[in-house]
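Student: I would like to learn how to read a few features of a protein model. Where should we begin?

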Amino acid sequence: MSLVSVHNEWDPLEEMIVGIPDNARVPMAGKDLFALEYYEHYDNMARIPSGPYHPRVIEETREDLEALVAVLEQEGVTVRRPQVTDHSKVFSSPDWQSDGEYNYCPRDLLLAIGETIIECPMPLRSRFFETLAYKDLLLEYFESGARWISAPKPRLLDEVYDDDPGSEVKVRNVEPLFDAANVLRAGRDILYLVSCSGNRLGYEWLKRTLGPDYRVHSLVGVYEGTHIDTTITLLRPGLVLLNPSRIKEGNMPDLFKGWDVIWCPEMIDTGHSVGWEYSRASIWSGMNFFMINPGLAVVPAAQKPLIKVLAQHGIDTIPLPVRHTRTLSGGFHCVTLDIRRRGILEDYT
């Protein structure tokens, strides 16, 4: 039986990959990194603060992730981890060179849908080889019967990136590009956010690859930043948490027009960490969490208004610390990847 089997964001969780903070760093400057992450904060790419994160950030993140692993194992979830990687090593293609970033956010690079796991064509050069830290796991999943595929490897030439301050979407439609975290699963309906981390060609590739068993919805004009999981959190069939600063009546995805909507309450700002000038992730990273089952969520402990609202809708929570979400740009949904949930492919429309 395939160890990969996941059809939505809420079925009872059985196996999950949790990231690691070891050797995390800001990659060397490049047009890709500047256009996608730093153009709003610096006037030129030479100011990108490349190098390792502060040791306290790494150690406290390790503690927070170990606490998460302990909770998952108590809930009967099998937890897997990527291999430790030296991200300071410089690598190159025929067109550019870079070093690495981290293995903190498995949600960004691997997309599990059904019994298929996809290595996604990420737009950041620093993450080009990041899936190598998961290679042993991918081989194990393949040997168990999973379908393992990789999107076309991108060239990531300079022409891909638009660092003009006046442009909203920074990744041009030169080749298919998207992070796995641009995607959410609701049975036969798949949501794909067109943004700075996922372009229209990426949507077309995913739609054709998944085939007629799925309806892949392109969300345009919802959020141009990066990933979908600080805008939409799927809780259970017919219930969704939405970001009120990004989703309005006019751009509400059709899928949710018959669902009950929870408008996310005001987030508690956890700020940025030592050794950092500003917060990489927005304040809405507080709604970046995941469901263990339809009635239980792992939520950042600081987000007390959110915990209260979820309780009002019959969802229990396990509040846990995640101290450096806004520095490392990854909350509980980002730092995990659900590989297997107990359930079947259903239509929720």
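Tutor: This is a predicted model. We can begin with helix α1, residues 31–38: six of its eight residues are buried, so the helix is largely enclosed by the rest of the structure.

Student: Which residues of α1 are the buried ones?

Tutor: They are D32, L33, F34, A35, L36 and Y38. Buried here means under 20% relative accessible area. Residues three or four places apart in an α-helix point the same way, because there are 3.6 residues a turn. In α1 the buried residues include the consecutive run D32, L33, F34, A35 and L36.

Student: What covers the buried residues of α1?

Tutor: The cover includes β2, residues 25–26.

Student: How do I read a strand in the same manner?

Tutor: Look at the two faces separately. In strand β14, residues 239–242, L239 and L241 are on one side and V240 and L242 on the other. These four residues are all buried, and both faces of β14 are covered.

Student: Which strands pair with β14, and in which sense, parallel or antiparallel?

Tutor: Strand β13, residues 232–236, pairs with β14 in the antiparallel sense over four bridges. Within that pairing, L234 stands opposite V240. Strand β15, residues 260–263, pairs with β14 in the parallel sense, also over four bridges. There, D260 of β15 is the bridge partner of L239.

Student: How many residues lie between β13 and β14?

Tutor: Two, and the strands form a hairpin. In the turn, G238 has a positive phi of about 85°.

Student: How do I read a single residue outside a helix or strand?

Tutor: Check its burial, then its neighbours. N8 lies in the segment before β1 (13–18). N8 has a relative accessible area of 0%, so this residue counts as buried.

Student: What does N8 touch?

Tutor: Leaving aside residues up to four places away in sequence, N8 touches R185, A186, G187, D338, R341 and Y348. With Y348 there is a polar contact between the two side chains, at 3.1 Å.

Student: What should I note about the pockets?

Tutor: Note volume, lining and class. The largest pocket holds about 770 Å³ of space. It is lined by 33 residues, and the closest to its centre are L36, Y223, G225, T226 and R280. L36 is also one of the buried residues of α1. By class, this lining has 10 nonpolar, 14 polar and nine charged residues.

Student: And the second largest pocket?

Tutor: Its volume is about 250 Å³. Of its 17 lining residues, T85, D86, H87, F91 and F129 are the closest to the centre. That lining divides into six nonpolar, six polar and five charged residues.

Notes
Residues numbered from 1 in each chain as written. Predicted model: local features only at pLDDT ≥ 70, side-chain atom pairs only at ≥ 80, totals over all residues. Heavy atoms only, no water. 1 Å grid on protein atoms, 1.4 Å probe; cavity = no way out; pocket = protein on both sides within 12 Å on 5 of 7 lines; lining within 4 Å. Points joined across faces, edges and corners; volume = space filled by probe spheres on them. Nonpolar A, V, L, I, M, F, W, Y, C, P; charged D, E, K, R; others polar. Buried < 20%, exposed > 50% of the residue type's maximum accessible area, 1.4 Å probe, protein only. Polar contact = N/O pair within 3.5 Å; in protein donor to acceptor, adjacent residues only side chain to side chain. Contact = heavy atoms within 4.5 Å. Pairing = 2+ DSSP bridges.
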